[in-house]
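Please examine the sequence and the structure below. The report that follows describes a surface patch and then a sheet with its helices.

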Amino acid sequence: RIEAFTIGGTVEAVNAETVLGEEVGISEGVAGQRFQVQRRPVVPGDPLVLEVSRDAGSPGDEGGWEEWAAVPDFAGSGPGDPHFAFDPAAGELQLGPAVRQPDGSLRRHGRTPAKGARLRIRSYRTGGGARGNVGQRALAVLTSSIPYVARVENRRPAAGGVDGEDVESAKVRGPMVLRTLGRAVTTEDHEFLARQAAPEVARVRCLAASGGPEAGVVRVLVVPAAAENGGRLRLEQLAPEEATVRTIARRLDECRLIGTRVVVQPPVYQGVTVVARLQARRGVNPGRLQEEALDALYAYLNPISGGPERTGWPFGRPVHSGEVFAVLSRLRGVELVDDVRLFGANPVTGQRGGAVQRLELAPHALVFSYEHQVLVVPQ
């Protein structure tokens, strides 16, 4: 679900749904209680407000709801402070604990609601994730009617949605955190810290100059996440947002070595056009086979999700006609691959070079599929 809101006169949208007035439980009158919201993960936004019911039967109390504030931890919370902590990924709310002191007494960090008090979150937003990165004009349905609005559509593709970290990623990240300690020394350190600063990007590659006029220059190449249409990408989708570049540059500037200059930029995209001629098996629809062949080429020669490992085309890896031949040969409806030719192409100007068997890529370059052509000959 996409919710729209206005910032400075511009309508923005977020892949989230707002939940209002959700009751999370009833207090048992003990410290350190935990409660779970029904919808998670919770999308960061306005500060959460916990509302705790008052007892209208108490002398001098008219009932109603009292507002409690969210804090990152309870280190500075006293016994009477209306504080709570919240984990947005787990959707878990925690009240202040009572800690046993050396003399045997209990020290409360944060107030404890009275037994029987009801607790509710005033509002929170849930949603997010990579599934919200939909393509251009993919959204055309209103979830509620709006006067004088007949139809809607998203004119730009959605981007920036990131799924929560899984356990395997955390296992990889843990040793990197201990090793880097917030300092960028090796190329791997730069890549790790760049990803940490902008987790929404798809790929990061760091190249350090070993000598010459660029000695001391570290180039960090950033590939943004982009919504694909059958593996097809537009060149403008591969340009990272200026805000993302600034965020990464600012983080790396804080932790770089003295004398090192860090340059954050997109990689060079080497366009490649495949021209192939296939023979279809008996009974196979040539038109369908042509679409399948084009889909396979765009999926394999893809800077984000292509390559032999399907993790993005490796930086600087050349393209050989033999591997393209193998990709097309694996299609079920192909009887024979008659011819495969590779052409280097400029994706900006559209100019195309001569046919080659092997297309070389610079170390800072990635492949970009540009107008593949497949001819299918029926039997």
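## Surface patch and sheet

L142, I146 and V149 together make up a nonpolar surface patch with about 210 Å² of accessible area (Shrake-Rupley method, 1.4 Å probe, only the protein chains shown counting as cover). Patch residues have over 30% relative accessible area and no salt bridge (a side-chain nitrogen of Lys or Arg within 4 Å of a carboxyl oxygen of Asp or Glu); nonpolar side chains (Val, Leu, Ile, Met, Phe, Trp, Tyr) are joined within 5 Å, like charges within 9 Å. This is a predicted model, in which local features need pLDDT of at least 70, side-chain atom pairs count only at pLDDT 80 or more, and totals for chains, interfaces and linings use all residues. Residues are numbered from 1 along each chain as its sequence is written, and side-chain values use heavy atoms, without hydrogens and water.

L142 belongs to the loop between β11 (118–127) and α1 (167–180); helices (H or I, at least four residues) and strands (E, at least two) are DSSP runs numbered from the N terminus.

Three strands form an open, mixed sheet in the order β12-β13-β14, where pairing requires at least two DSSP bridges. β12 (201–208) and β14 (261–265) are the edges: each has a single partner strand, so one side of each lacks a neighbour in the sheet. β13 (residues 217–224) pairs with β14 in the parallel sense over five bridges, and V220 has V264 as its bridge partner in β14.

Two helices accompany these strands; angles run from 0 to 180 degrees between N-to-C directions of axes fitted to C-alpha atoms, for helices over the stretch in contact (heavy atoms within 4.5 Å).

| Helix | Strands | Angle |
|---|---|---|
| α2 (residues 187–197) | touches β12, β13 and β14 | about 155° with β12 |
| α3 (residues 242–255) | lies across β12, β13 and β14 | about 160° to β14 |
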